[in-house]
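User: I am new to this structure and would like a close look at a single part of it, the nonpolar core. Please also describe what lies around it.

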Amino acid sequence: MRFVSFETAGRASYGVVSSDGIIDLGSKLGREYPTLIDVIRGGETALQKARDAAKGAPEHKLSEISFTPPVPGAEKIVCVGINYPARAAEYADDREKPKYPNLFVRFPNSIVGHDHPILRPTVSEQFDYEGEIIIVMGKEGRNIAREDALDHVFGLTLGNEGSVRDWLRHGTNNLL
């Protein structure tokens, strides 16, 4: 299923994208699962209810909705930077290759929905953007074995991440 969070007629909801539009799961499951994050937290029971509710006809055309961030209400957004060899080479300095990935956070209000603009802050002239693969975690865990890692993934989506490079480089890897 391809989940989506959206607004229409001043109402926030979530649903599933079908070939003909959006099946509004929020209107069908909202009493028990008010938001998409509630479905994610609800595990297999909630997913089965979503599958059953998604069998109907779409209530909205894509042109009738405004996309919101994929998972409104997300508590943590942890990002991995400089995570492939060509990216590290872009920094073009004499640093050793880092032993561990560069982790940083994003805040939920820095995420926009599909077709919404990412605005360059006026404090910078070096606003950069790049496509990202986003992993939506669906199950909590700690010290998870590599072979069990995918059991904790709810799904994947794509994003367009923006970085203020001239401000970012003030601190990136300066402590190594």
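Analyst:
**The nonpolar core and its surroundings**

In this predicted model, the largest nonpolar core has 17 residues. Tyr-14, Leu-25, Leu-29, Tyr-33 and Val-39 are those with the most contacts inside it. Two or more residues of this core come from each of these elements: strand β2, and the helices α1 (25-29), α2 (36-41) and α3 (43-53). In soluble globular proteins, nonpolar side chains tend to be buried together.

Leu-29 serves as an example from this core. Leaving out residues up to four places away in sequence, Leu-29 touches Tyr-14, Lys-49, Ala-50 and Ala-53.

Another core lies apart from the one just described. This other core has six residues, including Val-4, Phe-6, Ile-22 and Ile-65. Two residues, Val-17 and His-60, help to show what touches its members.

Val-17 is part of strand β2, which covers residues 11-18. Not counting neighbours within four places in sequence, Val-17 is in contact with Arg-2, Val-4 and Ile-22. Of these, Val-4 and Ile-22 are among the residues of the six-residue core. Val-17 and Arg-2 are 15 residues apart in sequence, and their C-alpha atoms are 5.5 Å apart in space.

His-60 sits in the loop between α3 and β4 (66-67). Its relative accessibility is 13%, so His-60 counts as buried, the limit being under 20%. Setting aside residues up to four places away in sequence, His-60 touches Phe-6, Thr-8, Arg-11, Asp-20, Gly-21, Ile-22, Asp-24 and Ile-65. Phe-6, Ile-22 and Ile-65 in that list are among the members of the six-residue core. With Asp-24, the side chain of His-60 also makes a polar contact, side chain to side chain, at 3.0 Å.

One aromatic pair remains to be described, and the count comes to one such pair. Phe-3 and Phe-154 form it, with 5.5 Å from centre to centre and 40° between the planes, which makes the pair tilted. The pair links distant parts of the chain: Phe-3 belongs to strand β1 (residues 3-8) and Phe-154 to strand β8 (residues 153-164), 151 residues apart. Why are Phe-3 and Phe-154 not counted as buried? Phe-3 has a relative accessible area of 22% and is therefore partly exposed. Phe-154, at 24% relative accessibility, also counts as partly exposed. Buried means under 20%, so neither Phe-3 nor Phe-154 meets that limit. A nonpolar core is a set of buried residues, which means that Phe-3 and Phe-154, both partly exposed, are not part of one.

Notes. Residues are numbered from 1 along each chain as its sequence is written. This is a predicted model: local features need pLDDT of at least 70, side-chain atom pairs count only at pLDDT 80 or more; totals for chains, interfaces and linings use all residues. Side-chain values use heavy atoms; hydrogens and water are left out. Rings of Phe, Tyr and Trp (its six-membered ring) pair if their centres lie within 6.5 Å; planes under 30 degrees apart count as stacked, over 60 as edge-to-face and the rest as tilted. Helices (H or I, at least four residues) and strands (E, at least two) are DSSP runs, numbered from the N terminus. Buried means under 20% relative accessible area, exposed over 50%, partly exposed in between (1.4 Å probe, protein chains only). Contact means heavy atoms within 4.5 Å. A nonpolar core is a set of buried Ala, Val, Leu, Ile, Met, Phe, Trp, Tyr and Cys residues joined through side-chain atoms within 4.5 Å. A polar contact is a pair of N or O atoms within 3.5 Å; within protein, one must be able to donate a hydrogen and the other to accept it, and residues adjacent in sequence count only if both atoms are side-chain atoms.
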